[in-house]
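Reader: Got a minute to walk me through this fold?
Author: Sure, here it is.

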Amino acid sequence: MSLRVRLTLGTVALLSIAVAAALLTAYLLVRHELRSEIDGSLKSRAAAIAAVGRQLPASGLKPPPFTKVPRAAFGEPDSYIQFVDRAGKIVLRPGEHVRLPLGDAQAVAAGRRGAYFTDAVAARTHVRIYTVRTPGGAVELARSLRDVDSALGWIRDVFIAVLFLALTATTALA
């Protein structure tokens with residue numbers, strides 16, 4: 001193998017690694033930003049629900065009445081809400097039938113664990129769940145990750161195509 005061929009292959013390999021690293025970094029940054037938006041939205045909704053719970057009479061605290069739980073602001077996606085008491089009993093909104101996976105929600109309700117985020121599948125939908133303690137138990141708020149997953153899939157496909165084109169162009173030019 002001639003020196004020229006070895007230099008060409010080395011250049012193509014280094015360029016491929018650099019392009020792949022840049023695309024992977026960009027993908028991970030976009031993924032982090034999209035998921036951070038969801039997390040922030042879930043935390044904001046949880047704070048509003050906790051505020052409602054703090055306004056209820058202290059005697060016989062129960063999950064906040066669903067009629068008092070504020071809806072999402074206009075233009076913001078609403079969250080799926082599920083209350084969990086210290087015994088693990090689940091209270092759903094009227095008309096709801098899908099239960100979120102409990103995970104450690106009972107431990108959060110009892111004060112043995114802090115708030116946390118997790119991903120899960122509920123009713124065949126990939127969701128992001130935020131579980132946080134509220135007066136009388138815990139609340140689990142979920143948002144679908146369908147749009148995020150779709151956007152990330154599109155970005156991944158574009159990045160793979162760009163990487164392939166970069167490799168092809170580098171090989172052809174070298």
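Author: What follows is a quick tour of the sheet, its hairpins and a surface patch.

Author: This is a predicted model, where local features need pLDDT of at least 70, side-chain atom pairs count only at pLDDT 80 or more, and totals for chains, interfaces and linings use all residues. Residues are numbered from 1 along each chain as its sequence is written, and side-chain values use heavy atoms, with hydrogens and water left out.

Reader: What order do the strands of the open sheet take?
Author: The order is β2-β1-β5-β4-β3, with antiparallel pairing. Strands are DSSP runs of E, at least two residues, numbered from the N terminus. Two strands pair if DSSP finds at least two bridges between them.

Reader: Which strands are at the edges?
Author: β2 (90-92) and β3 (116-122); each pairs on one side only.

Reader: How many bridges join β4 and β5?
Author: 8, between residues 125-134 and 137-144. Val 127 has Ser 144 in β5 as its bridge partner, and Tyr 130 has Leu 141.

Reader: And the turn there, which residue has a positive phi?
Author: Gly 136, near 90°, in a hairpin with 2 residues between the strands.

Reader: What about β3 and β4, how many bridges?
Author: 7, also antiparallel. Tyr 116 pairs with Thr 131 in β4. Ala 123 sits in the turn of their hairpin, with a positive phi of about 50°.

Reader: Is β4 mostly covered or open?
Author: Mostly covered: 8 of its 10 residues are buried, meaning under 20% relative accessible area with a 1.4 Å probe, protein chains only.

Methods: Helix = DSSP H or I, 4+ residues; strand = E, 2+ residues; numbered from the N terminus. Buried < 20%, exposed > 50% of the residue type's maximum accessible area, 1.4 Å probe, protein only.
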